[in-house]
Amino acid sequence: MSRPLHRGASGARISGSYHDFWDSQTNVRTEKEDSERDRSSDQSYLVPRFPFRFLLMDNSASKHGFTENGFASDHFSIGTPRSRHKLAMLFLKFSLVLIVIVALTGSFWWTISISTSSRGHISHGYRRLQEQLVSDLWDIGELSLGPSKLKELDFCPEDDEYFVPCFNVTDNLAAGYSDGNEYDRNCGNRPRQNCLVLPPVNYKIPLRWPTGRDIIWFANVKISAEEVLSSGSLTKRMMKEEDKISFRSASLMFDSMEDYSHQIAEMIGLRNESNFIQVGVRTILDIGCGYGSYGAHLFSKQLLTMCIANYESSGSQVQLTLERGLPAMLGSFMSKQLPYPSLSFDMLHCARCGVDWDQKDGILLIEADRVLKPGGYFVWTSPLIKAQTLNRNKESQKRWNFVRDFAENLCWEMLSQQDETVVWKKTSKTSCYSSRRGSGPSICSKGHDVESPYYRPLQNCIGGTHSHRWIPIEARTAWPSRSGLNKSELAVYGLHPEEFIEDSESWKAAVRNYWSLLSPLIFSDHPKRPGDEDPSPPYNMLRNVLDMNAHFGGFNSALLEEGKSLWVMNVVPTSGSNYLPLILDRGYVGALHDWCEPFPTYPRTYDLVHAEGLLSLEAGQRRRCSLIDLFAEIDRLLRPEGWIIIRDTAPHIESARALTTRLKWDARVIEVEGNSNERLLVCQKPFFKRQAS
């Protein structure tokens, strides 16, 4: 069992434990120095302790033998030999510093005078080194001064309640983007304005699952009453009931969605949607998902649906889906590839999703094919398909013919067409591409067939055919056995069974410990923290979970084995080893992401944010962002009263804990049993309420 080391909330609570630690260390050093001074006073002056003590001082530093200026308080007399020796040493140090400054200055001017053609590059590189040095020294200085010296972040303006960085349609239109490209993600190089996003007036903590799937608070999302009343399509049906929005089965929506899901199953040749798992379907990418009704219905069938849709300033499909406790993220593939590996999903679903598949010469269908597993299904529901429409409208007939013929050139087999819905099945054999009739998209070369692109421009060639993961979905082990990979499957990812089993077992033990820590008691002075003798938090305490450095997906797997009613967004950082294909093949959902950029979702998305080894990983990279940038983004993603669990090396955890006061988080450091080099940082985000104006 882990045990607490010290805690910190805002202001004094962290500060006290931080300085007590340094007080004890300083007292020990002072006693040792006094005894050594009696034996050899000359050597004692060479100990380089003054600069570090100065950085680590607080207002009570004088009790350690230092004044407020950082120098020793044991003043010396000018006339003694000891004092003359000290003056000589001080003069020598000053001379050395002066020599170094002169040498660096001379070296700098000599370097930039080598060639006028290279002067700009040298000056730019030197300036970058200077800026990095200043940044590093500032970080060290901030942390060493102690939490009481760090300024808390301000609250964001009211206009930022629903702000999503990197998705600004107005700016994109002004920059000349059009034809749907204005919805694309565009982070650019804008400096971050770190602040704390307050929830809207009348915000309430979401209802727990499964109640929260059918009822959400009206004040928690940005949607007008008119938008609620105008909703009525298959995937966008809801009712406003006083201060709530209801998706209950009492409405016609549930029955129609059940009938719709049953229809799709029959078109595939199954009795009903409960049999999807039998043919290898576990994960579904729902493009333009409405309000997540298809995924909400299938969740009880052990099917995991990821909603992806464009950014919307009001009535957002992604925001409402997440508020219901269902997987979703912002994304548009009008010009860039999605942040998923090739061959990621067992089914793609598009019910009146707003994507014109016949546009851009079929390149959107090529991207859909890239993320679809061999033998997977593409389900499209659109008025364009309905026979009556085709007979009346030549333009609709032309568009439908293009999509149908292009799908055939992608080696998709049309299984069935009923009313507005058509179902295709992707080929399981790569040999199909060489036997195609007519002209179709070519196969990507090995050099262009990147398995895990990160918002790369759309490719006009068929990807995934060179992958070792080209395995038909019906040949894979059915869920839930699919989450535990066998020896031959692990070999595809270069893993040994022992490594995978060890990772899984360690996460099982960690999750049991984590769950017992999720109580405000750990921040109090209560004599005991929650443990085995106390009731554990309920199984449905959390719903939306973000793992910022998912590794093999072991955290996700352990949570499900413990019977927790939740889903996990498994994020694989672009700066680390890419095991996202393995995670998706296990039957989970996730995405690639660069954590120096904002995550593509709305504020107040997750109940728990987890990061294991992320700080160490990012520290080893050339940083384009600081630790406070990362923590401010976590705060944006987290719901009020949400939890943060960070596991990393002790020095990184100390640095992180010192910054929690700036975000007004309650925080506590916990020792990891059996591992003296690592610590847990457990935090909770307070519920700050905005006052009605």
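In this predicted model, Cys683 is buried, its relative accessible area being 0%. Cysteines also take part in covalent links elsewhere in the structure, which holds seven disulfides, and three of these links are described here in turn.

A disulfide joins Cys156 to Cys195, with an S to S distance of 2.0 Å, and the angle of 100 degrees about the S-S bond makes this link right-handed. Because Cys156 lies in the loop between α5 (119-144) and α6 (169-174) while Cys195 lies in the loop between α6 and α7 (211-214), the pair ties together parts that are 39 residues apart in sequence. Both Cys156 and Cys195 are buried. Another disulfide, between Cys411 and Cys432, has an S to S distance of 2.1 Å, and with -100 degrees about the S-S bond it is left-handed. Distant parts of the chain are linked by this pair, given that Cys411 is found in the loop between α14 (394-409) and β10 (412-418) and Cys432 in the loop between β11 (421-426) and β12 (442-443), 21 residues apart. Cys411, at 5% relative accessibility, counts as buried, whereas Cys432, with a relative accessible area of 22%, is partly exposed because it falls between the limits of 20% and 50%. A disulfide also joins Cys444 to Cys461, with 2.0 Å from S to S, and its 95 degrees about the S-S bond give a right-handed link. Here Cys444 is placed in the loop between β12 and β13 (461-462) and Cys461 in strand β13, 17 residues apart, and the pair again links distant parts of the chain; both of these cysteines are buried.

The structure further holds 27 salt bridges. In one of them, the side chains of Lys204 and Asp243 meet at 3.0 Å, N to O; Lys204 lies in the loop between α6 and α7 and Asp243 in the loop between β3 and β4 (244-246), so this pair ties together parts that are 39 residues apart in sequence. Lys204 is partly exposed at 35% relative accessibility, and Asp243 is likewise partly exposed at 33%. A salt bridge is also formed by the side chains of Arg482 and Asp346, at 3.1 Å from N to O, and it links distant parts of the chain, with Arg482 in the loop between β13 and α15 (487-491) and Asp346 in strand β8 (residues 345-351), 136 residues apart. Arg482 counts as buried at 5% relative accessibility, and Asp346 is buried with a relative accessible area of 0%.

In a further salt bridge, the closest N and O atoms of Asp358 and Arg399 are 3.1 Å apart. Asp358 is in the loop between β8 and α12 and Arg399 is in helix α14, 41 residues apart, and this pair too links distant parts of the chain. Asp358 is buried at 13% relative accessibility, while Arg399 is partly exposed at 25%. Salt bridges that share partners also join Lys373, Glu451, Arg469, Arg476 and Asp585 into one network.

With regard to cover by the rest of the protein, helix α12 (residues 363-371) is mostly covered, nine of its nine residues being buried, and the charged residues Glu367, Asp369 and Arg370 are among them. On the surface, by contrast, Leu92, Leu96 and Ile99 form a nonpolar patch with about 290 Å² of accessible area together. Ile99 belongs to helix α4 (residues 81-112) and is exposed, with a relative accessible area of 55%.

Terms used
Residues numbered from 1 in each chain as written. Predicted model: local features only at pLDDT ≥ 70, side-chain atom pairs only at ≥ 80, totals over all residues. Heavy atoms only, no water. Disulfide = S-S within 2.5 Å. Helix = DSSP H or I, 4+ residues; strand = E, 2+ residues; numbered from the N terminus. Buried < 20%, exposed > 50% of the residue type's maximum accessible area, 1.4 Å probe, protein only. Patch = residues over 30% accessible without salt bridge, like charges linked within 9 Å, V, L, I, M, F, W, Y side chains within 5 Å. Areas by Shrake-Rupley, 256 points an atom, 1.4 Å probe, with all protein chains shown as cover. Salt bridge = Lys/Arg side-chain N within 4 Å of Asp/Glu carboxyl O.
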